[in-house]
Amino acid sequence: MTESSAPLPTAAEAALPPLKPEDFDALDDALDAMREHDEDVPQWEFCDGFMTALVCTRRPIEPTEYWPALFGAGFSPAQHMEFVWRWKRRWHEIQAALDAPNIEALDDERAFQPECLDLRGAIAALPPEERAEAPEAEIPSFGQVWALGFLAAVEQWSDDWAPPRDKDVAAMLADALEAIEVLASDDTAPPALSMYSEDGPPTVSQERLDDFGEAIWAVYDLRQLWRSLGPRVEALRKADEPGRNDPCPCGSGKKYKKCHGA
C-alpha cells in the first residue's frame with residue numbers, strides 16, 4: 001500500500017492501550033450479559049466487522065447512530081462504560097492499522113487483522129465427549145460472521161455506501177464489497193488447515209484463507225476510497241452548481257468533477 005495522507009493521531013489517541021486477550025474476553029462477557037436481556041445481541045466477531053465498516057464509511061457515523069443499530073434503542077453507553085472504553089480502543093486499533101503507511105504484506109505487525117474465531121476448529125479440538133455436547137446448529141465458517149457484521153453496517157447506511165458516478169471508482173467499490181461478500185458465504189471447499197490450532201484437525205480451506213486475505217485488502221481499498229472522496233455534500237441549487245472543470249467548493253483544490261462532483 002502507498003503512504004497514507006492521514007493525520008498523525010492525537011496524544012489522547014496515541015495513549016489508548018492496545019487490546020489484550022483478557023480485553024476480548026471481557027468484551028465477550030459483556031455481550032453475554034447483554035444477551036440475557038436481549039437474545040439478538042450479536043457476538044463480538046459480528047461487532048468487529050460492523051465496527052470496521054463504520055471506520056471505513058464515507059462520513060463519520062456518530063455513536064448515537066450506531067449504538068441503536070447494533071444493540072437496540074435500549075442500549076445505554078453510561079451503563080456499559082467498560083465495554084464502550086474497550087470499543088474505542090479497538091476502533092483506534094483498526095483505524096491506525098488501515099492508515100499505517102507502506103503496508104505491503106498482511107504479516108506486517110502493523111497490518112489490520114479482523115477478530116475472527118475458527119469456531120469449527122475450536123469444536124473439532126475438543127475431547128470427543130465434549131464435542132458430542134456441542135450445539136448441533138450450523139457452525140459458521142472462519143471469517144463469515146465478521147463479514148456479515150461488515151455488510152450489516154453497509155446495508156444500515158446504504159446511502160453513504162452508494163456508488164459514486166465515476167465508473168472507475170464505482171467499480172473499485174463493487175470489487176471491494178464483493179470480496180467481503182465472498183467471505184460472508186459458507187466455506188464449502190475441502191478443509192486444509194486449522195486457524196484455531198496449528199496441530200488441530202483441518203477445518204478451513206485454502207480457498208477460504210485466500211478469500212480472507214482478499215477481504216482484508218478490500219477493507220484497505222474501501223478506507224482509502226472514501227477518505228479520498230470525502231463526505232457527500234448537499235445538492236447545490238442548479239444556479240449555484242459549479243461547472244465540472246471548476247474548482248470544487250469544498251476547498252480541496254481539485255476540479256469539481258474529480259471531487260464532490262464524482
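In this predicted model, N102 is partly exposed, with a relative accessible area of 39%. The residue is found in the loop between α5 and α6, and its backbone does something a little out of the ordinary: phi of N102 is near 60 degrees, a positive value in a residue other than glycine. For comparison, most residues other than glycine have a negative phi. D108 also has its place in the loop between α5 and α6 (119-124). D108 is partly exposed as well, this time with a relative accessible area of 22%; since buried means under 20%, D108 does not count as buried. Setting aside residues up to four places away in sequence, D108 touches N102 and I103. The side chain of D108 also reaches the backbone nitrogen of R110, at 2.9 Å.

Turning to the interior, the largest nonpolar core has 59 residues, and those with the most contacts inside it are F71, F83, W87, F150 and W161. At least two residues of this core are supplied by each of α2 (21-35), α3 (44-56), α4 (63-71), α5 (81-99), α8 (144-156), α9 (167-183) and α10 (206-229). Helix α10 gives the largest share, 10 residues. As for F71, its contacts beyond the neighbours within four places in sequence are L31, M34, D38, V41, P42, C47 and F83.

Helix α2 shows how one of these helices sits against its surroundings. Its 15 residues should span 21 Å at 1.5 Å a residue, and the end C-alpha atoms are indeed 21 Å apart, so the two values agree. The buried residues of α2 are D23, F24, L27, L31, M34 and R35. Looking down the axis, these buried residues fall within an arc of 125 degrees, which means that they line one face of the helix. This fits the usual geometry: an α-helix has 3.6 residues a turn, so residues three or four places apart point the same way. The cover over the buried residues of α2 includes α3, α4 and α5. On the face turned away from the buried side, α2 carries the exposed residues P21, E22 and D29. Two of the buried residues of α2, L31 and M34, are among the contacts of F71.

Then there are the aromatic rings. The count comes to 21 aromatic pairs. In one of them, the rings of Y66 and W91 have their centres 5.7 Å apart and their planes at 25 degrees, so this pair is stacked. Y66 lies in helix α4 and W91 in helix α5, 25 residues apart, and the pair thus links distant parts of the chain. Y66 counts as buried at 6% relative accessibility, and W91 is buried too, with a relative accessible area of 18%.

A second pair has another geometry: the ring centres of F142 and F212 are 4.8 Å apart and the planes stand at 55 degrees, so the pair is tilted. F142 lies in the loop between α7 (128-132) and α8, while F212 is in helix α10, so this pair ties together parts that are 70 residues apart in sequence. Both F142 and F212 are buried.

Ring pairs also link W44, Y66, W67, F71, F75, F83, W87 and W91 into a cluster. Among the members of that cluster, F71, F83 and W87 belong to the residues with the most contacts inside the largest nonpolar core.

Notes. Residues are numbered from 1 along each chain as its sequence is written. This is a predicted model: local features need pLDDT of at least 70, side-chain atom pairs count only at pLDDT 80 or more; totals for chains, interfaces and linings use all residues. Side-chain values use heavy atoms; hydrogens and water are left out. A nonpolar core is a set of buried Ala, Val, Leu, Ile, Met, Phe, Trp, Tyr and Cys residues joined through side-chain atoms within 4.5 Å. Buried means under 20% relative accessible area, exposed over 50%, partly exposed in between (1.4 Å probe, protein chains only). Helices (H or I, at least four residues) and strands (E, at least two) are DSSP runs, numbered from the N terminus. Contact means heavy atoms within 4.5 Å. Rings of Phe, Tyr and Trp (its six-membered ring) pair if their centres lie within 6.5 Å; planes under 30 degrees apart count as stacked, over 60 as edge-to-face and the rest as tilted. A polar contact is a pair of N or O atoms within 3.5 Å; within protein, one must be able to donate a hydrogen and the other to accept it, and residues adjacent in sequence count only if both atoms are side-chain atoms. The expected span of a helix is 1.5 Å times one less than its number of residues. The arc is that of the directions from the helix axis to the C-beta atoms.
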